[in-house]
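Hi everyone, thanks for coming. I'd like to walk you through one structure today, so let's put it up on the screen.

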Amino acid sequence: MMPDIFQIAGCGFNLIFFTVILALAVMALISLKEGEKRAAKTGAVFFASALIILIAANLLPQQIFALLSIATFFLLVVILILFFLPIGKVQFRREVPQNRVDERDIPFSRIRLEPGTEEYKSYYEMQPGNKNKDDRMRQMPGLLSQDAKLANAIGFNTADSSFDFIEIFRTEVEHDGINGQKHPPSFDYTGAVKQVAAYYGAHSVGITELAGYHIYSHIGRGTGKYGDPVRLDHRYAVAFTVKMDHRMIRSAPKTPVVMESGKKYVEAAAIAMQLALFISKMGYSSRAHIDGNYRVIAPLAARDAGLGEIGRMGLLMTPDLGPRVRIGVVTTGMPLTTGSYKPEASVIDFCLICKKCAENCPSRAIQFGDQSETGGALRWQIDAESCFQYWNVVGTDCGRCISVCPYAHPDNFLHQLMRKAIKHSGFARRAALRLDDLFYGRKPEEFPLPDWLEPRTGLIHKSGKN
Ligand code: SF4
Ligand code: SF4
């Protein structure tokens with residue numbers, strides 16, 4: 001006997017609901033694995049509700065069940081169309097800053113100035129408006145100080161060791177390539193450089209032609225004479241990212257975030273230095289730009305190399321890890337080719353509606369409004385001084401903005417699917433934001449410290465509850 005239309009509709013309904021129930025169960029388990037308790041609980045509630053609906057629907061009279069099934073089917077089609085078709089496309093062009101940044105003006109350079117030195121005197125003669133606030137900042141406990149609010153003996157010393165480790169290599173960043181062996185012009189230098197960077201451990205790699213606005217105008221720290229104009233004759237910048245651990249970042253602004261920063265700066269420095277040496281051995285000049293010794297503004301070079309867009313929090317937003325990366329750069333005279341990268345408007349559109357980083361920033365350093373004209377380009381400008389002041393009070397590099405960003409979730413199947421939808425559809429971006437708030441909270445809870453960072457006998461643990 002042939003099945004009638006009611007039976008077919010009923011089977012369709014059951015199939016759809018089984019799939020939904022399965023997806024919700026997987027979602028809850030993945031969230032549990034990620035350590036996201038609220039998301040796991042919400043997934044479990046949805047799972048139970050879908051199961052109840054399935055059972056209740058099967059108890060309805062056959063005709064009503066069939067009508068419900070057809071309506072469910074159409075609803076599903078509409079949702080799929082809204083999520084994966086390019087609805088709500090936004091127009092956006094990459095802005096090119098007109099001004100070069102003086103490295104002496106960034107808070108990292110200013111905090112290092114010691115009262116009574118020639119550098120201190122010359123800087124505050126040039127920028128008298130910064131003197132009082134910088135002097136006040138110098139009275140604060142400082143980054144990685146054991147007197148800071150979130151001090152943790154193991155954590156801070158771990159991070160400090162990473163930064164000291166980089167210091168050892170800070171002078172070994174430049175190579176002239178004179179003794180290297182050049183290859184025929186047909187040699188695929190671009191392919192080789194990208195492969196080697198990936199082999200050394202880069203998560204993503206891109207190349208851009210160096211522009212004036214990528215390069216600091218004057219030296220503010222690192223090698224070279226303080227205050228000298230920056231000279232960088234290289235034509236290309238190889239930019240790459242390294243991935244930061246999700247769990248460590250999710251405990252931000254507590255100690256693990258600065259440990260992870262230190263560790264990843266070491267990783268980025270190691271890759272950059274090896275890559276610079278490799279380029280030199282291939283016969284071309286190179287310079288590794290590493291923590292504390294940059295000549296370029298790494299996020300801008302990385303953006304133009306096609307690795308992401310600059311979001312509301314002023315950091316590089318990569319397609320698969322969002323801002324949960326550190327950036328390394330090697331500049332070189334090697335003949336390379338750049339890619340033809342398109343601006344990713346979906347990120348900017350998402351940042352326009354999201355504002356989660358701004359709401360969670362403890363120092364209110366991130367703007368709530370739209371992008372504005374800064375340095376000749378339309379962008380979000382964060383209040384770097386407020387941010388840095390907060391770091392000097394708590395002792396970590398905070399990172400709360402990174403930890404709450406919906407783009408920073410782990411790069412697994414669940415979030416990849418959502419990222420695909422976000423990229424294509426304006427509707428999906430709005431729906432994804434609501435779902436992110438529902439599953440993770442508008443103010444996501446910080447992860448606790450790993451057990452091994454809790455106080456042990458004989459170790460200092462300043463706050464006792466961080
Ligand atoms: S938290 Fe939201 S607004 Fe902030 S950078 Fe991430 S996506 Fe953009
Ligand atoms: S690091 Fe912290 S203080 Fe700085 S912008 Fe991000 S959330 Fe705000």
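Before we start, a quick word on the labels: helices and strands here are DSSP runs, numbered from the N terminus, with at least four residues for a helix and at least two for a strand. And please keep in mind that this is a predicted model.

Let's begin with ligand 2. Which helices each supply at least two residues of the shell around ligand 2? They are α14, residues 384-394, and α15, residues 400-404. The residues around this ligand include four cysteines you can click on: Cys361, Cys387, Cys398 and Cys401. You'll also find Trp391, Asp397 and Arg400 there. Sorted by class, the shell has seven nonpolar, two polar and two charged residues.

Now let's zoom out to the overall layout. The chain is divided into domain 1, residues 5-84, and domain 2, residues 103-452. Taken over C-alpha atoms, the centres of the two domains are separated by 42 Å. Even so, the domains do meet: 14 residues of domain 1 are in contact with 22 residues of domain 2.

Next, the sheet. It is an open one with five strands in the order β1-β4-β7-β3-β2, and the pairing is antiparallel. At the edges stand β1 and β2, each with a single partner strand, so one side of each has no neighbour in the sheet. Further in, β3 and β7 run antiparallel and are joined by eight bridges. If you want one pair to look at, threonine 241 has isoleucine 327 in β7 as its bridge partner.

Two helices lie across these strands. Helix α8, residues 189-200, crosses β2 and β3, running at about 140° to β2. Helix α10, residues 255-281, lies across β1, β3, β4 and β7, at about 20° to β7.

Here is a residue in α10 for you: lysine 264. Is lysine 264 buried or exposed? Its relative accessibility is 9%, so it counts as buried, the cut-off being under 20%. Leaving out neighbours within four places in sequence, lysine 264 is in contact with Val242, Lys243, Met244 and Arg326.

Last stop, threonine 208, back in edge strand β2. This threonine is buried too, with a relative accessible area of 7%. Not counting residues up to four places away in sequence, threonine 208 touches several residues, among them His214, Arg235, Tyr236, Asp304 and Thr338. Aspartate 349, by contrast, sits 24 Å from threonine 208, C-alpha to C-alpha, and 141 residues away in sequence.

That's my tour, and I'm happy to turn the model around for anyone who wants another look.

Definitions and conventions:
Residues are numbered from 1 along each chain as its sequence is written. Chains are lettered from A and ligands numbered from 1 in the order in which they are written. This is a predicted model: local features need pLDDT of at least 70, side-chain atom pairs count only at pLDDT 80 or more; totals for chains, interfaces and linings use all residues. Side-chain values use heavy atoms; hydrogens and water are left out. A residue is near a molecule or strand if one of its heavy atoms lies within 4 Å of it. Ala, Val, Leu, Ile, Met, Phe, Trp, Tyr, Cys and Pro count as nonpolar, Asp, Glu, Lys and Arg as charged, and the others, Gly among them, as polar. Two strands pair if DSSP finds at least two bridges between them. Contact means heavy atoms within 4.5 Å. Axes are lines fitted to C-alpha atoms, for helices over the stretch in contact, and angles run from 0 to 180 degrees between N-to-C directions. Buried means under 20% relative accessible area, exposed over 50%, partly exposed in between (1.4 Å probe, protein chains only). Domain bounds come from an automatic or database domain assignment.
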